[in-house]
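Here is a short briefing for a first look at this structure. Keep the view open and follow the topics one by one.

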Amino acid sequence: MKTAKLVMDKEFIFLLLALMLVEYVRAAYVISYLPVQAAVSNQFSVAFVGLAVSLHFISDAFSNFQIGFLMNRFGVKKVVSLSFILCTLALISVPLLQFNSFSILLAAIVLGFGACPIWIIVLARASNGARGSNMGLVYFCWLVGIAGGVILMNYLMDIHLLFAYWLLPVLMLIGFIFFKFSGEHPSPNKENQSFKEVLLQAAVVLKRSRNILPGTLMQSIAVGMMIPILPTFALQDLQFKYSQYTLLIVSAGLTAAVFMIPLGRLTDHFKTKGMFISGFALFGAGLILLTTTLSLNLVFLTVIALALAYTTYLPSWNAYVASSIHHEDQNVSWGIISSFQGVGTMLGPIIGGLIATLGSGVTILISGLLFIVMALFYFVLK
């Protein structure tokens, strides 16, 4: 079977580099900087950091829905450029305002909606050509950005805190420069679109995406459920040492990064639907297996298998989503789909935390069952 040519021109590479730097900054600020400062100093309380992180994801979830319409109305370059500028200014305001509560929360919120436009453009661009290969490359850059943000930020903060922080707005500006080299991003000219027409367009996109949205929402909920309980599950239920848990996370991350692009390319050779259904089923089965009594070596093998299943379903699922999106509505479609993913990411930790009152293993088990249900749902779906 012949496959479409992989879109790997210079403009696409610049776009991916911009995305990677945005994800680095987000992870460095939200996942590393704020929690670490709460843990090692009295500057922020844990409750305040929790509020900032929640506002970040709320902003991310609810901004996606409107961004596509704004791009169509005002133009892609204007909206994306404004998002980079606002993110940079918000990050700069934090030290200038002496790290007060308002500036901390403002930066978290602005980073939430500021990252949405670049994601929509990247996903729309990756939808052309070899979708599986492109999506594998997109999520490889996403993983590298997040891992770099967490690991490098922690390391740099230990050396010089202010340098580590000021690097964030600098990298955001560099990301903006990369975006400027990513070529033209035309969008439908809908400057005179009325509010009624916007609602009608949203209704059309929602109807067209009715087979996609359940999977988008359930995936993010199922994964999000595990976020607050993973350390407890590993350290208490599996009785791992912290060093072993760290090695487990690093092994899973490296496996996912190494295989994301090759497995994404396989999507272009095999049926996309079969790839993500298999990934769902294997990922769910691996999670369920983790809740049984396993030896240390078997846990590591299971986690590596989970990473492989994750890299099997993620690019193939997004290639499947891309195949159902019409070109004239791609900004709006990706925005709405991303908003459902964001809502799931918000709800997942809340649901997971509530279920964990019955035991952290129960949360892992139910998350695994949700993936099995998704595999069955899309297997029977015509």
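T88 is buried, with a relative accessible area of 5%. The place of this residue is in helix α3. The model is predicted, so local features are described only where pLDDT is at least 70. The points below start at T88, then move to the helices and loop around the chain.

**T88 in helix α3**

- Setting aside residues up to four places away in sequence, T88 touches P169, M172 and L173.
- T88 and L15 are 73 residues apart along the chain. Their C-alpha atoms are separated by 18 Å.

**S83 in helix α3**

- S83 also lies in α3, which covers residues 76–96.
- S83 counts as buried because its relative accessibility is 6%, and the cut-off for buried is under 20%.
- Not counting residues up to four places away in sequence, S83 touches G114 and P117.

**How α3 packs on α5**

- Two packed helices are described by the angle between their axes and the distance between the axes.
- For α3 and α5, the angle is about 140 degrees and the axes are 8 Å apart.
- That angle makes α3 oblique to α5.
- On the α3 side, the contact is made by V76, V79, V80, S83 and F84. On the α5 side, P117, I118 and I121 take part.
- By residue type, this contact of α3 with α5 divides into seven nonpolar, one polar and no charged.

**How α2 packs on α5**

- Helix α2 spans residues 46–74, and helix α5 spans residues 116–126.
- Their axes come within 9 Å and cross at roughly 60 degrees.
- That crossing angle makes α2 oblique to α5.
- The crossing of α2 past α5 is right-handed.
- From α2, the residues that meet α5 are D60, S63, N64, I67, G68 and M71. Their partners in α5 are C116, P117, I120 and I121.
- The residues of this contact of α2 with α5 divide into six nonpolar, three polar and one charged.

**Helix α5 itself**

- How many residues of α5 are buried? The count is 11 of the 11, so α5 is largely enclosed by the rest of the structure.
- The buried residues of α5 include W119, V122, L123 and A124. R125 and A126 are buried too.
- P117 of α5 appears in the contact with α2. P117 also appears in the contact with α3.
- I121 of α5 likewise meets α2, and I121 is part of the contact with α3.

**Two residues of helix α1**

- L21 is placed in helix α1, residues 10–40.
- L21 is buried, with a relative accessible area of 15%.
- Leaving aside neighbours within four places in sequence, L21 is in contact with L171, I174, G175 and F178.
- L21 and M225 are 204 residues apart in sequence. In space they are 27 Å apart, C-alpha to C-alpha.
- V22 is found in α1 as well.
- V22 counts as buried at 4% relative accessibility.
- Beyond neighbours within four places in sequence, V22 is in contact with F84, A115, I118 and M172.
- V22 and I146 are 124 residues apart along the chain. Their C-alpha atoms are separated by 9.1 Å.
- M172 is in contact with V22, and M172 is also touched by T88.

**The loop between α3 and α4**

- Q98 sits in the loop between α3 and α4, where α4 is residues 101–114.
- Is Q98 buried or exposed? Q98 is exposed, with a relative accessible area of 68%.
- Q98 has a positive phi of about 60 degrees although it is not a glycine.
- F99 is found in the loop between α3 and α4 too.
- F99 has a positive phi of about 55 degrees, and F99 is not a glycine either.

**Helix α12**

- Helix α12 runs over residues 272–290 and has 19 residues.
- At 1.5 Å a residue, α12 should span 27 Å. Its end C-alpha atoms are 27 Å apart, which agrees.
- Among the buried residues of α12 are M275, F276, I277, F280 and F283. G279, G284, G286, L287 and L290 are buried as well.
- What covers the buried residues of α12 includes α9 (213–226), α10 (230–237) and α11 (242–267). The cover also includes α13 (296–323) and α15 (360–380).

Conventions. Residues numbered from 1 in each chain as written. Predicted model: local features only at pLDDT ≥ 70, side-chain atom pairs only at ≥ 80, totals over all residues. Heavy atoms only, no water. Axes fitted to C-alpha atoms, helices over the stretch in contact; angles between N-to-C directions. Helix = DSSP H or I, 4+ residues; strand = E, 2+ residues; numbered from the N terminus. Parallel < 35°, antiparallel > 145°, perpendicular 65-115°, else oblique. Left-handed = near helix turned anticlockwise from the far one by under 90°. Contact = heavy atoms within 4.5 Å. Nonpolar A, V, L, I, M, F, W, Y, C, P; charged D, E, K, R; others polar. Expected span 1.5 Å × (residues − 1). Buried < 20%, exposed > 50% of the residue type's maximum accessible area, 1.4 Å probe, protein only.
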